[in-house]
Amino acid sequence: MPGMSAILVTGGAGFIGSNFTRYVIDHTEHTVTVLDALTYAGNVASLDGLPADRFRFVKGSVGDAALVDSLVAENELVVHFAAESHNDNSLNDPSPFIQTNLIGTYELLQAVRKHDRRFHHISTEEVYGDLELDDPGKFSEATPYNPSSPYSASKAGSDLLVRAWVRSFGVRATISNCSNNYGPYQHVEKFIPRQITNVIDGIRPKLYGAGLNVRDWIHVDDHNAAVLRIIEAGTIGETYLIGADGEENNKTVIELILAAMGQPIDAYDHVNDRPGHDLRYAIDATRLRTELGWEPRYRNFAQGLDATIEWYRANQDWWRPMKQATEAKYAKTGQ
Ligand code: NAD
Ligand code: TDX
């Protein structure tokens, strides 16, 4: 989408959506309207300082059909980030995952269908299940869906709704499934910010089980650059996997964080494992690289981690209000 257009960003007060909004304002001429329900995971402070002539915030739910209909009508493109996003929460109470991830996506699809708007659906590699540690293979666009948790099942279901609306109703949509993101403005319930903010507070990092589970880390700006590329040049109806070859096991990540923050690398606790814990994720992003010419810019994970640690050190006002409630939730499950 060269030139200027009006984009509706759902979930734009969350981690990836707020970084996307900032990225779009900085790198394009588009205007952005954020629709966000401001659940426990949303924070308007993540959108501070954006120019009023190119950015507007609307508080509301993607499950509100009338609101969704009017906002979709006013915009040319919808980029759908809004979701319940945390696996551990989905194990404790799946209900909001069904409401937001499935019903919310349905409401958006009905509106883009009615108004003939371009739609991009943000999804996750978790829809593919997990891989063995020694499997030479990675997830690709051809991997069968096999989700493990209520969260990943609800995201898988939302992807399938998008595909059905493309095929049956001719909706102009694309889908991207990305690996684990890190960077600024990520909620402290998630692995990396939880451990960084623990160390800042003098609490030992918490590793689930033996910590040999592998995640494929990508910087949030690399994810968002890929999303923009798909919006500009992707083929309607297609799915693109996004990943930056960043496989690390959790134990290594905790050790990197401890070392970068000047602590002994064994100064962490093993806590209860996650039920059904996916072992390994790994993305083959060949399609995105070859067909759309995308390449990640953050190739050094340790450096990206250092910058993220610096951001959490410098932005304690942003995360402190959510830290205590988050740790109280974890205390209930012994994590
Ligand atoms: P997040 O939890 O930080 O943000 C989600 C945002 O959605 C919050 O601002 C929240 O208030 C909002 N929201 C929740 N329910 C809503 C509703 N009913 N109506 C409107 N807004 C609502 O999540 P995130 O990590 O930024 O993830 C964003 C998207 O990216 C999700 O779709 C997630 O599945 C996907 N994704 C995340 C990752 C990752 O590593 N974090 C990786 C791949 C894909
Ligand atoms: O304190 C912790 N200790 C720990 O060992 C936490 C919070 C997590 N973990 C482990 C569990 C995972 O193996 O770290 C890994 C990463 O955990 P999360 O940050 O909860 O991410 P994950 O479950 O991998 O899912 C993330 O990536 C895919 C996002 O939260 C999803 O929204 C996205 O779809």
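Which backbone N or O atom lies 2.9 Å from an oxygen atom of ligand 1, and in which residue? Select Gly14: a backbone N or O atom of Gly14 is the partner, 2.9 Å from that oxygen.

Before going on, a word on the model. It is predicted, so to speak of local features a pLDDT of at least 70 is needed and side-chain atom pairs count only at pLDDT 80 or more, while totals for chains, interfaces and linings use all residues. Residues are numbered from 1 along each chain as its sequence is written, chains are lettered from A and ligands numbered from 1 in the order in which they are written, and side-chain values use heavy atoms, with hydrogens and water left out.

**Stop 1: ligand 1**

Stay with ligand 1 and show its shell of 28 residues (a residue counts when one of its heavy atoms lies within 4 Å). Ile16, Asp36, Ser85, Tyr151 and Lys155 come nearest. Next, pick Asn181, where a backbone N or O atom lies 2.9 Å from an oxygen atom of the ligand. Then try Thr100: an N or O atom in its side chain is 3.2 Å from a nitrogen atom of ligand 1. Taken alone, ligand 1 exposes 840 Å², and the protein buries 96% of that (Shrake-Rupley method, 1.4 Å probe).

Colour helix 1, strand 5 (118–124) and helix 5 (150–169), which each supply at least two residues of this shell. Strand 5 gives the largest share, three residues.

**Stop 2: ligand 2**

Move to ligand 2, which has 23 residues around it. Thr124, Tyr151, Arg215, Arg274 and His277 come nearest. Select Thr124 and Arg215 in turn: a polar side-chain atom of Thr124 lies 2.7 Å from an oxygen atom of the ligand, and a polar side-chain atom of Arg215 also lies 2.7 Å from an oxygen atom of ligand 2. Asn87 is worth a click as well, with a side-chain N or O atom 2.9 Å from a ligand oxygen. Taken alone, ligand 2 exposes 650 Å², of which the protein buries 94%.

Helix 6 (191–200) and strand 8 (206–208) each supply at least two residues of this shell.

**Stop 3: Asp88**

Now select Asp88, in helix 3 (residues 87–92). Is Asp88 buried or exposed? Asp88 is buried, with a relative accessible area of 5% (buried means under 20%, with a 1.4 Å probe and protein chains only). Its side chain makes a polar contact (a pair of N or O atoms within 3.5 Å, one able to donate a hydrogen and the other to accept it) with the side chain of Tyr208, at 2.7 Å.

**Stop 4: helix 6**

Go back to helix 6, where eight of its 10 residues are buried. Among them are Ile192, Arg194, Ile196 and Val199. The buried residues of helix 6 pack against strand 7 (181–182), strand 8, helix 8 (250–260), helix 10 (301–314) and helix 11 (316–332). Just after the helix, click Gly202, whose phi is positive, near 75 degrees.

**Stop 5: the nonpolar core**

Finish with the largest nonpolar core, which has 32 residues (buried Ala, Val, Leu, Ile, Met, Phe, Trp, Tyr and Cys residues joined through side-chain atoms within 4.5 Å). Phe20, Val79, Ile242 and Leu288 touch the most other members. A second, separate core of 23 residues includes Tyr182, Met261, Phe301 and Tyr312.

Technical notes
Helix = DSSP H or I, 4+ residues; strand = E, 2+ residues; numbered from the N terminus. Buried < 20%, exposed > 50% of the residue type's maximum accessible area, 1.4 Å probe, protein only. Contact = heavy atoms within 4.5 Å.
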